[in-house]
Amino acid sequence: MQIMNDYRQRESIKHFLLTVRITALLLFTIALHTMANTGYSPNSKTNDLENRSSQQSKKMITGTVADDKGIPIIGANIIETGTANGTVTDMDGKFSLRVNDDATIRVTYIGYFSQEIATAGRTNLSIILKEDTQALDEVVVIGYGTQRKITTTGAITSVSNEELIKAPVAGVSNALTGLTSGLQSVQVSGEFGNDRANIRIRGIGTLYTGGAAPLILVDGVERSTYNDIDPNEIESLNVLKDASATAVFGVRGANGVILITTRSGKEGKPRVSATVNAAALQPSILPEMLRSYDYALLRNEAERNMGRTPTFSDEDLRIYQSGEDPIFHPDKNWIEELIRPLSFQQSYNVNLSGGTEGVRYFTSLGYFNQFGGYNKPEQDFGFSPEHSYDRYNLRMNFDFDVTKDLLLSVKLGNQVAENIYPTGGAWAAFDKATSTAPMSSPGFIDGKVITEVSGFPQGVREFNPWVETGPTSGSSYGLQEKNYGNTINTNISLRYNLDRFIKGLSIRAMGAYDSYYNKYSRRQHYFDTYTVMKDPESGLPIVFRNDESGPYYSLGENISDGNKWRKMYGEAAVDYERAIADNHKISGLLLGTMQKAYYPNMQYKLPTAYIGLVGRITYDYKSRYLAEINAGYNGSENFPEGSRFGFFPAFSLGWIPTEESFFPENKILTFMKIRGSYGEVGNDKIGGNRYLYIEGPYALTNDGNARTTFGIPGVNEATYPQYKEGLPGNPNVTWERARKWNIGFDMKLLKDKLSITADYFEEKRDNILWNLSTIPELVAIRLAPANIGKVNNYGYELEVGYRDKIDAVNYWLKGLYSFSRNTIIFQDEPNRKYEWMRRTGQSVGQHFGLVFDGFYNTQEEIDDPERPISQWEGAGLKPGDMRYRDLNGDKRITEEDMQPIGYNDFPEINYSGSFGLSYKGFDMTALFQGAANVSIYFAKNAGAYAFDSDWGAAYSWQLERWEQGRYERGEKISYPRVELSPTLGLHNYQKSSFWVQDASYVRLKNLEIGYRLSSSSLKQIGLQALRFYVSGNNLITWTGIRYTMDPDARESYGRVMPPMRVFNAGVNVQF
Amino acid sequence: MKYLLIIGCILISTLFFSCEDYLEKPISSDITVDSVFNSAIRTEQFLWNVYSTASIYEFNHFWSGSDPRFYHYGASGSLVSVATDELEVEGTYPAIPRYFHTGTWNAATIDPGSWGLEFMSHIAYQGIRNANIFMENVDKSPFPENEKNSMKAEARFLRALMHFDLMQRLGGISIVDHVLSVSSMNDVEGVKIPRSTYAQTVDFIVSECEEAAKYLPNVYEDTKYLGRIVKGAALALKARVLLYAASPLFNDPEGKTYVPVSDPVLRELIGYPTYDPNRWQLAVEANKAVLDWAANESGWCKLYDGFDNPVDRYEEIFINHSCPEVILSAGLMQNAGGYFCLFMLPGQIIPQGQNNPSNHAVTFNFTKFYQKNDGTDQVWDEEEGVAYPYSQYKRKLGELEPRFQASVFQSGTEWSRGSGTVYHFYETNTLQLKGIRGVGFMRKFVKGVTQNSPAPRWITFRLAEFYLNYAEALNEVNGNPGEIEWAVNQVRRRVDMPDVTYTNQNEMRQIIRRERAVELAFEEHRYFDLRRWKTASEEGVMKGKIYTLKLYDTKPEPTYKLEQISSRVWEDKMYLYPFRQQEVDLGYVIQNPGW
């Protein structure tokens, strides 16, 4: 108990410290806010009173702001020019503000031209803002800077905060799905805390698929923990796709780049936004398991198929059917027993933003929690075995105008996540729930957990999934594992405007420091376990306690070096931007970056480093002709001196014909931009190996059993340590080079209601770092990777949006479609006997297997001398076994008959369709998202086999097995004859087109319906806005997969909790 | 613009000052090839690495997924002898019944992924690589010249041993006599070394042995170095190589191949295309040289002659590794571990709690090679399936010669003599003896071995082999009958067996082969002898029916029956192994015929 108390004590200290930190943040924010408010007069009575005493010549103005169709604009900024005095419009577009008598006010709203209005002599204003249809001021975040969207020539798509926060999910990686073109995401697991999606941009262009992930930067710094950031903190997320956008990242930019920018405060009245969400979660899809009676019947059939005596007697079958003996003939649905039908999720965010001329601030505090997942056992553990994920997010972003020309920005982010899960990783519990036979255990009897059963029918395996793993787990111990991670991101940047020396010139510098700390701990609690046996006389069950069990608490903690790292990053830049004679706009950027990261567990235990120089020149003539040169000059530690640095240039051009004087003014095509780019980008990754050019160190070893021993055994025999050769280096190694072409256009049509963006890209990668694979065994050492691989990739993206209104109903539609396909051009493949066995020429990760060609249905077919003999048939085939196509016609089914089947694991086609509408306070959005040209390989790990490892579970769809009677009756057959212990080595379970399935799907990914309360009633309680909404995620999935699996499941991940279906309700308050 | 330039220049210069250094791997204490060979102790430690990767560890021992050397030699779960008529095993571990007995091994299955088979060519080449590294760098070391030469000769011998190991299974092989390196695609063709002819491979190994013999010591004074290469080992390898090269598989009197081969290039890879009787003469001389070295030069090497009881005397050779008969042995591990016991000891003897023993059981086919103590054959008149009394079984086996008693653990005897515990294999409730109990279980090598006792060393060369080699080669060249008799009888007299007498060449050949089977039983000679004699394909040898004397717990007296326990598949292509398919796919290797 002492240990438990210590543990609890430490837990409470930790929570106390967290509370202190949050309180400090709030106090700091409030203090800052108060300071910033000095001289600020928000539209409140108290301030009015204060102000009245100091300034006499004031008046109150009121007014409304609306667009040119008369629809009120909510949230427009009203500022008295030259002061910090200002307000925002309410739900009806109304405002009131106390201003100086002769004040001029400026009215601004995103997407509209701002207006300045002199108030002299007026107290009531009716302001119409004109829509800035070409969004001339709209900027996008690009690598190391921002650009006006209209003159951007790269392939960049943006996702806004509003879109991101719609999805009631834990992390950014999952929220992104379906929101942008050219991005694929596969979310393999729905396990709390471990549900991050794998993201690829424009597919895969390299051979090492683990090295195909995009570079993800948060506020300009590579941050691998990006997924833990509260989406509420994110201003925008930009996906950089082509070389012109990513060349500045040089050696790391080949796989595309995602830039995440956190929110900053804007000048204006402080705004508080608070959001509360509560959601119910359920696994999107779960297999339907066979219950004891059906299981026993099928198992008997499997045993007969194998020429064995069936396990279950008719009497056993009768008892299973009647369910009269739940102890010695249990009938458990372990999925129901172990997996919760509903889990819960809650999230809270409160953020405050605003600013005066001197300082702008955005602070945010978020809490996200998921719990449930698995049912709790009845035992008292002394701790909660609840599977849960808790995340606390703090952020403070400040911009200080130190002087008129000097801007200091500070961004602080903190993500604290704690994940508690049953031992072995939560997946183990799911695995056991979906793989245990229904009669394997009575589970609990009167709250006592049973570990031994004596009295099962002969041969039945005793296996209690409650005990063996899962929530109680650890063979008769209550066991819980916990992962605690704490990430701190800091950025401090300075920008100095040198306009007064040279017009258009500014310099800036940024430094970032990140630290990450992770702690793993586990605790366990032995509890009493019981044996149940049949009283030999009465036949009644007797339950008795096992000797070895008993109360015992222990706590283990494991803090390893690998889970603690820090990173330092610095950059310095010169920016130049100037318009010459109004028609010529030029800008230039020169920037240097350095990064050093310390991950104690890395190879060699040395910090990793990157260094580079970035250059950009843009030219724009009358916003018609656009040209841009981007270049990165980077070095990577992986390469030898002399070839360590690489230059990665990209060129792009744009033309906006609609700006031409000859272009006729018309109402159909209002805007068109044609852009094209070519550039080179690099990639320096292959696995975790470093310093690929030097020979690895020779190592002294004295382990293992293949030892060098000399001497007389038992007398003076001794084992001698040996020096072993290090892995060779490759002195010629250099970066992987991606050459990328992109051509695209952006159009706005029909009075800007319709917008179309289309891109076509081609990518040729060469120098891909890859292991030589035609090296004879004579060399007898694993060689360093060499720059040998070549992969081509091409594809296209289309985005179509339409937005209009019918009376008071605003609505929009959006469609996205992306396609990408890669082909291996060279990978040093050995000669293959047949063309179809060649991996080269196929896509990376293409599935290969036998071609399934139905089942053998009769003994005659088996005995046919023309029937090809299978390498894996063992003692011969039987009716109900699979027929495979003998591709080479040698009358043998071998590896030589394996050809490309299906696609690979990443979809070639991704698409989504969404729409939204709003009417007065009511709004609704829906997002459908789908993927095609994608395959899943189902086998043992994905739970595709019945009776895996002898006593594995069986699923209801496996009843559609081949069986003589079923065949004769012409019933549907979608599974081979059943056998116990299927393994890959057997004929039916070879990788084939039977087990590799089309994983195309369409989902109703997201649906949200909201209602925003009208303002007049709210105003009385001091609120700006109040919105209620319900939303859902992964609501419906349509897929052709034969098995009850989520289409994002993957064989290589094993049986894991599928992505969650989410039913969410929330409320957002702004004041 | 001027300012821009200045600022730009400053920025660039600050950034690029020491840029290369920023990315340079910091100076560290990593050990490079030079720092290994600049140090005497590390040089020696690298030599131990050559030993650990280039020695023959024929014992099957613990295998692990992480280090393939564990299953380099000795088939998984059993000795290679299980593929011959010597032994039969059971249980789930042994791979030989799954692959060799069923004939289902092929070029694709002898792959590093499947740990089932007994040998992996890429592991032999790893030893060769290490030997090459050592030989190319040892001159840098601070040792005196004579020690450098001696150590280099050790590596040279080990490199030759690995080439021999490949050759006896594959025929002519790729000879790798320098460190191969590849750093770009252009280097790949240069390391695709084609197979040498069989003749070239033999010549290479022989000349390497001769070169090594010049520098190797006759003995290491300090017994803690027992197991290091002595001059006798180099002579022994040369002698065995020449014996093999002269044998019918490679040097057929009629120039016939084991399966038809029409390609003249392939013909030269799998043996000598034409017969040359002089090859036997070379074998005579080389084997005589080993005997001469032992008698005159070594100062220590002789047939072991301790103990009064011939059973103890013979047994002792395999247990006491300081015995003067052993020319070279390899240490496996300091103690016998769990898997060693599981694979090598009879099921009844293995430690509690271990399941699935391999139970190396001696076959009836092999038992028939043993004579009675008086040098006559035992009368084996049992008919298949008929029950005979247990007492007859005890009597017949008990009458067999000392080497049978030393090598086979029989029913009704003690495992540890004098312990008083007698094991009866007919008791069906006896733990873990299963169906193949009968003639008995192998006890050679493992007498007295228990969990965590000192593990035996595997004998690569012992002197008795060279008496028999000498006799065999001399008989083939129709040498002096008295000399042939002398060589065979030296081996027989050591176990108190009566002398044999020369009648004619053919009968003498049969006598020598039988003597060789008995003397070198289970030592993994027969697996290769049957190949080089081209007799593996005979019924009941490596093909067809294998028998045992199976015991039954009948009342009132236990009985035994002659029963078939195994039926084995043999195809003549198996006289040589296939090259791994993945090597053949690279196009530099010509595959052996039939595969």
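Which residue in β34(A) is the bridge partner of Trp655(A)? Keep that in mind as you open the viewer. This is a predicted model.

**Stop 1: a strand with two partners**

Select residues 669-683 of chain A, which form strand β34. This strand is mostly covered, with 11 of its 15 residues buried. Now add residues 645-655 of chain A, strand β33. The two strands pair in the antiparallel sense over six bridges. Pick out Trp655(A) and look across to β34(A): its bridge partner there is Ile674(A).

Next, add strand β39, residues 736-749 of chain A. β39(A) and β34(A) also run antiparallel, and 14 bridges join them. For one matched position, select Gly676(A); opposite, in β39(A), stands Ile743(A).

**Stop 2: a salt bridge across the sequence**

Stay in chain A and select Asp620(A) and Arg148(A). They form a salt bridge, with their closest N and O atoms 3.4 Å apart. Asp620(A) belongs to strand β31 (residues 608-621) and Arg148(A) to strand β9 (residues 145-148), so the pair ties together parts that are 472 residues apart in sequence. Are the two partners buried or partly exposed? Asp620(A) is buried, at 7% relative accessible area. Arg148(A) counts as partly exposed, at 24%.

**Stop 3: a salt bridge within one helix**

Go to helix α7, residues 314-322 of chain A. Select Glu315(A) and Arg318(A). Their side chains meet in a salt bridge, 2.9 Å from N to O. Both residues lie in α7(A), three residues apart, about one turn of the helix. Glu315(A) is partly exposed, with a relative accessible area of 43%. Arg318(A) is partly exposed too, at 38%.

**Stop 4: strand to helix**

Select Arg883(A) and Glu861(A). Here the closest N and O atoms of the salt bridge are 3.1 Å apart. Arg883(A) sits in strand β46 (residues 882-884) and Glu861(A) in helix α11 (residues 859-863); the pair links distant parts of the chain, 22 residues apart. Arg883(A) is partly exposed at 25% relative accessible area. Glu861(A), at 26%, is partly exposed as well.

**Stop 5: a charged network in chain B**

Move to chain B. Select Glu325(B), Glu401(B), Arg403(B), Lys444(B), Arg462(B), Arg492(B), Arg494(B), Glu515(B), Glu519(B) and Glu523(B). Salt bridges that share partners join them into one network. Over all chains, the structure holds 101 salt bridges.

**Stop 6: an enclosed helix**

Select residues 463-476 of chain B, helix α17. How many of the 14 residues of α17(B) are buried? The count is 14 of 14, so the helix is largely enclosed by the rest of the structure. Try the distance tool on its end C-alpha atoms: they are 20 Å apart. That agrees with the 20 Å expected for 14 residues at 1.5 Å a residue. Just after α17(B), click Asn478(B), which takes a positive phi of about 55°.

**Stop 7: two nonpolar cores**

Finish inside. In soluble globular proteins, nonpolar side chains tend to be buried together. The largest nonpolar core has 199 residues. Select Phe157(B), Leu237(B) and Phe461(B), the residues with the most contacts inside this core. Another core, of 77 residues, lies apart from it; Val460(A), Ile893(A), Tyr937(A) and Ala946(A) are among its members.

Last, centre the view on Leu237(B). Leaving aside neighbours within four places in sequence, Leu237(B) is in contact with Phe157(B), Ala160(B), Leu161(B), Phe164(B), Ile205(B), Cys209(B) and Phe461(B).

Technical notes. Residues numbered from 1 in each chain as written. Chains lettered and ligands numbered in written order. Predicted model: local features only at pLDDT ≥ 70, side-chain atom pairs only at ≥ 80, totals over all residues. Heavy atoms only, no water. Salt bridge = Lys/Arg side-chain N within 4 Å of Asp/Glu carboxyl O. Helix = DSSP H or I, 4+ residues; strand = E, 2+ residues; numbered from the N terminus. Buried < 20%, exposed > 50% of the residue type's maximum accessible area, 1.4 Å probe, protein only. Expected span 1.5 Å × (residues − 1). Core = buried A, V, L, I, M, F, W, Y, C linked by side-chain atoms within 4.5 Å. Contact = heavy atoms within 4.5 Å. Pairing = 2+ DSSP bridges.
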